[in-house]
Amino acid sequence: MGFNTRRRLLLSICLLCLSFASHAWNGAGHRQIAALAWEEMSASSRQKAADLLRQHPDYPRWLKRQQKNAPTAHSDYGVFLEASTWADEMRGDARFYGTKDAPTPRLPGFPDMRRHGDWHYRDAGGGNIDGALKKLASDLAQGNRAAKIYALPWLIHLVGDLHQPLHCGGKNDRGGNGTSVINPARSKHPEMSLHKYWDDLPGPHWQRGKYLEAALTKLRRLPPPAHTEPVGDINRWYAESRELLAKQVYPPRKKISPAFQSHAEKIADLRIRAAGRRLGRWLDKLL
Ligand SMILES: [Zn+2]
């Protein structure tokens with residue numbers, strides 16, 4: 001293979017990786033949303049959610065992770081938080097397959113082995129987060145047991161994704177994956193995609209236990225959406241993300257300024273606060 005061919009091949013591999021780089025809020029963001037939702041839920045919805053997650057084939061992993069990282073938390077609560085990132089983790093899990101892979105065998109307890117990368121977003125290039133949420137909500141409310149067990153961790157995750165503005169579009173840059181920014185807050189690798197910059201705003205991806213609690217204390221002080229708001233209003237959440245995208249998400253310069261950083265942190269916190277309350281209220285209705 002000649003040097004140029006090799007360089008072209010490397011470049012196309014890099015571009016391929018970039019196009020799949022979109023993950024949404026990191027683990028910290030998804031766990032914060034799940035924790036706020038749990039606080040919102042009635043005791044009976046919590047019980048129903050915990051019963052469904054206990055029957056999920058990946059329950060033992062979630063329990064193990066919770067016991068290792070946050071052993072003082074109640075396990076029903078801890079597992080609910082760990083399940084929130086399952087939809088992202090399946091991207092690197094060989095049991096599941098993407099659109100370009102050969103189908104993997106169906107394993108017990110899973111109605112579907114597809115990774116459904118297009119469920120996490122919607123923009124001009126595709127994506128079906130709203131359609132997926134409608135289907136999952138109806139499965140959770142009316143499906144058979146297996147469908148409910150499968151739908152719950154997906155729904156916990158996607159309500160979060162829908163509140164990340166860059167999962168609802170961008171500026172012809174694959175939801176900000178094609179726009180790079182310089183984040184001076186990062187001493188190592190300060191250059192990153194705008195998408196990753198937003199995904200990481202909720203805090204370090206490993207945030208759990210007392211660190212998560214500290215973040216939640218801050219989030220609880222923010223005003224959540226009113227209880228009079230319609231429950232499960234996917235179109236409203238999408239429209240809000242679109243509005244933020246138009247005016248607030250792109251920094252004026254490639255290098256992130258302290259002013260933009262604090263503005264972006266505030267928006268991310270408000271989106272997480274909103275997603276938490278909305279997820280909790282929606283689950284109260286669906287379960
Ligand atoms: Zn996602």
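How many Å should the 14 residues of H2 span, at 1.5 Å a residue? The answer is 20 Å, and the end C-alpha atoms of H2 are 20 Å apart, which agrees. Before going on, keep in mind that what you have above is a predicted model.

Let's stay with H2 for a moment. This helix covers residues 27–40, and 13 of its 14 residues are buried, so you'll find it mostly covered. Look at the start of H2 and you can spot Asn26, where a side-chain oxygen reaches to within 3.1 Å of the backbone nitrogen of Ala28. Now slide along to Glu40, whose side chain meets that of Arg277 in a salt bridge, 3.1 Å from N to O. Glu40 lies in helix H2 and Arg277 in helix H12 (residues 258–286), so this pair ties together parts that are 237 residues apart in sequence. Arg277 has 13% relative accessibility, and since anything under 20% counts as buried, that's how we class Arg277.

Salt bridges turn up elsewhere too; the count comes to 26. One of them brings the side chains of Arg65 and Glu82 together, at 2.7 Å from N to O. Here the link runs from helix H4 (residues 59–69), home of Arg65, to helix H5 (residues 75–82), where Glu82 sits, with their positions 17 residues apart in the chain. The two partners are not covered alike: Arg65 is partly exposed, at a relative accessible area of 23%, whereas Glu82 is buried, at 3%.

Next comes a salt bridge between Arg115 and Asp101, with the closest N and O atoms 3.3 Å apart. Both residues sit in the loop between H6 and H7, 14 residues apart. Arg115 is buried, with a relative accessible area of 17%, while Asp101, at 38%, is partly exposed. There's also a whole network of salt bridges to trace, linking Glu229, Asp233, Arg236, Glu240, Arg271 and Arg278.

Now for the zinc ion. Which residues hold on to it? The zinc ion is coordinated by His120 through ND1, His157 through NE2 and Asp161 through OD, at 2.0 to 2.2 Å. Read along the chain, these donors follow the spacing H-x36-H-x3-D. The two histidines come from distant parts of the chain, 37 residues apart: His120 is in the loop between helix H6 (86–89) and helix H7 (129–142), and His157 is in helix H8 (residues 145–162). Are these histidines buried or exposed? Both His120 and His157 are buried.

Time to look at the rings. The structure holds 13 aromatic pairs. Take Trp62 and Trp86: their ring centres are 6.4 Å apart and their planes stand at 85°, so the pair is edge-to-face. Trp62 belongs to helix H4 and Trp86 to helix H6, which puts them 24 residues apart in the chain. Both Trp62 and Trp86 are buried. Trp86 has another partner in Phe110, and this pair is stacked, with 6.3 Å from centre to centre and 5° between the planes. Again the pair links distant parts of the chain, with Trp86 in helix H6 and Phe110 in the loop between H6 and H7, 24 residues apart. Trp86 has a relative accessible area of 3%, and Phe110 has 2%, so Phe110 is buried as well. Step back and you'll see these residues in one aromatic cluster made up of Trp62, Trp86, Phe96, Phe110, Trp119, Tyr150 and Trp154.

Some rings have a charged side chain over them instead. Arg122 lies over the face of Tyr238, at 4.4 Å from the ring centre. Lys171 does likewise with Tyr250, lying over its face at 4.4 Å from the ring centre.

To finish, go back to the loop between H6 and H7 and find Arg106 there. Arg106 is exposed, with a relative accessible area of 61%. How far apart in space are Arg106 and Pro252? From C-alpha to C-alpha they are 48 Å apart, and in sequence 146 residues separate them.

How values were computed
Residues numbered from 1 in each chain as written. Predicted model: local features only at pLDDT ≥ 70, side-chain atom pairs only at ≥ 80, totals over all residues. Heavy atoms only, no water. Donors = N, O, S within 2.8 Å, 3.2 Å for Na, K, Ca; no water. Helix = DSSP H or I, 4+ residues; strand = E, 2+ residues; numbered from the N terminus. Buried < 20%, exposed > 50% of the residue type's maximum accessible area, 1.4 Å probe, protein only. Salt bridge = Lys/Arg side-chain N within 4 Å of Asp/Glu carboxyl O. Phe/Tyr/Trp six-rings, centres within 6.5 Å; stacked < 30°, edge-to-face > 60°. Lys NZ or Arg CZ within 6 Å of the ring centre and 35° of its normal. Expected span 1.5 Å × (residues − 1). Polar contact = N/O pair within 3.5 Å; in protein donor to acceptor, adjacent residues only side chain to side chain.
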